[in-house]
Amino acid sequence: MPLFQRLTILSVCILIFGCATPSKVKDQTESNASVLALAAFNYGQFAKAEQQYRKLVELSPDKLEFQLMLARSQYNQDKKEAAIAKLKRIANADDPVAAEASIYLGRYLLAADRVPEAIAVYELGQTKVKSENVQAQLHNGLGIALLGRELTRARTELSQAVSLAPDNPHYRSNLALSYLQDNQLTLARETFEPLLAYQQLPPQVELNFALLLLAEGDENQARALLMRHLPASEVERDLTLLKSRLARLGTPL
């Protein structure tokens, strides 16, 4: 091929693709794979997400955010111990992602009833946190972990979460729940009250409100609240479960 023709083709390639250095190619590959992986995760296609995040970890082993999402993908496929082991390594790393990893690791440990480990993880995360959003989640997680052990400290942690994110219904609901623990119904109601102006609340938050209604002796309204989420055949069963939960909190019916 004549030299002029080769140079012309080369010029066209540069115009179309730019100077596609290995670094740019890697960045583009990473960007494309990241979009596919996150989409798969968000659609609940966790096996596909795991495959994509494995590729991303191989491509960029130093980016702990990909390892974090790989662990979350595995956890959602019941590969729980593998996920927890990965998250422990990330949570102990000297990286901003470590604090976010502590949120999920603490949550997974609580689900496994490994409360002391969860408390330690949330405390570790608080030493590495950089953003208010992550900080609020760590305070909330630690508060939940402490509810059955150190109520005063639990309430302090939950209060800090509410202070950092006052519009988050979960944090405020959990703080209200802490007041139910020692039968401070007035404070529980005052804490929950701002949420009643919300157009829609998450189901778990409404269940906590149903607990408050039961503690206040308003079983009919608690039943009406449950009927918004459950078939009539399940309402009485769940009322019984809520009463049992309330009894464990130490609140007299």
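This is a quick walk through one protein chain, its confidence scores, an annotated repeat and its largest pocket.

Keep in mind that the model is predicted. How confident is it? The chain averages a pLDDT of 87. At least 70 is reached by 89% of the residues. One stretch to watch is residues 6-18, where the pLDDT is below 50. Beyond near neighbours in sequence, that stretch has three contacts in the model. Where pLDDT is low, the predicted coordinates should not be read in detail.

Next, the repeat. The UniProt record, an unreviewed entry, lists a TPR repeat at residues 30-63. In the model, that span is 79% helix and 0% strand. Its end C-alpha atoms lie 11 Å apart.

Now the largest pocket. Its volume is about 420 Å³. It is lined by 19 residues. Which of them are closest to the centre? They are Arg-107, Asn-140, Gly-141, Ile-144 and Asn-174.

Four helices each supply at least two lining residues: H6 (97-111), H8 (132-146), H10 (169-181) and H12 (203-215). Which one gives the most? That is H10, with five residues.

What about chemistry? The lining of the largest pocket has eight nonpolar, nine polar and two charged residues.

Last, the domains. Domain 1 (42-165) and domain 2 (189-252) each give at least three residues to this lining.

Methods:
Residues are numbered from 1 along each chain as its sequence is written. This is a predicted model: local features need pLDDT of at least 70, side-chain atom pairs count only at pLDDT 80 or more; totals for chains, interfaces and linings use all residues. Side-chain values use heavy atoms; hydrogens and water are left out. UniProt positions are given in the numbering used here, feature names are shortened, and annotations may be inferred rather than shown by experiment. pLDDT is the predictor's confidence in each residue, from 0 to 100. Contact means heavy atoms within 4.5 Å. On a 1 Å grid over the protein atoms alone, a cavity is a set of points where a 1.4 Å probe fits but cannot get out, and a pocket is an open set with protein on both sides within 12 Å along at least five of seven lines; lining residues have an atom within 4 Å of a point. Grid points are joined across faces, edges and corners, and a volume is the space filled by probe spheres set on the points. Ala, Val, Leu, Ile, Met, Phe, Trp, Tyr, Cys and Pro count as nonpolar, Asp, Glu, Lys and Arg as charged, and the others, Gly among them, as polar. Domain bounds come from an automatic or database domain assignment.
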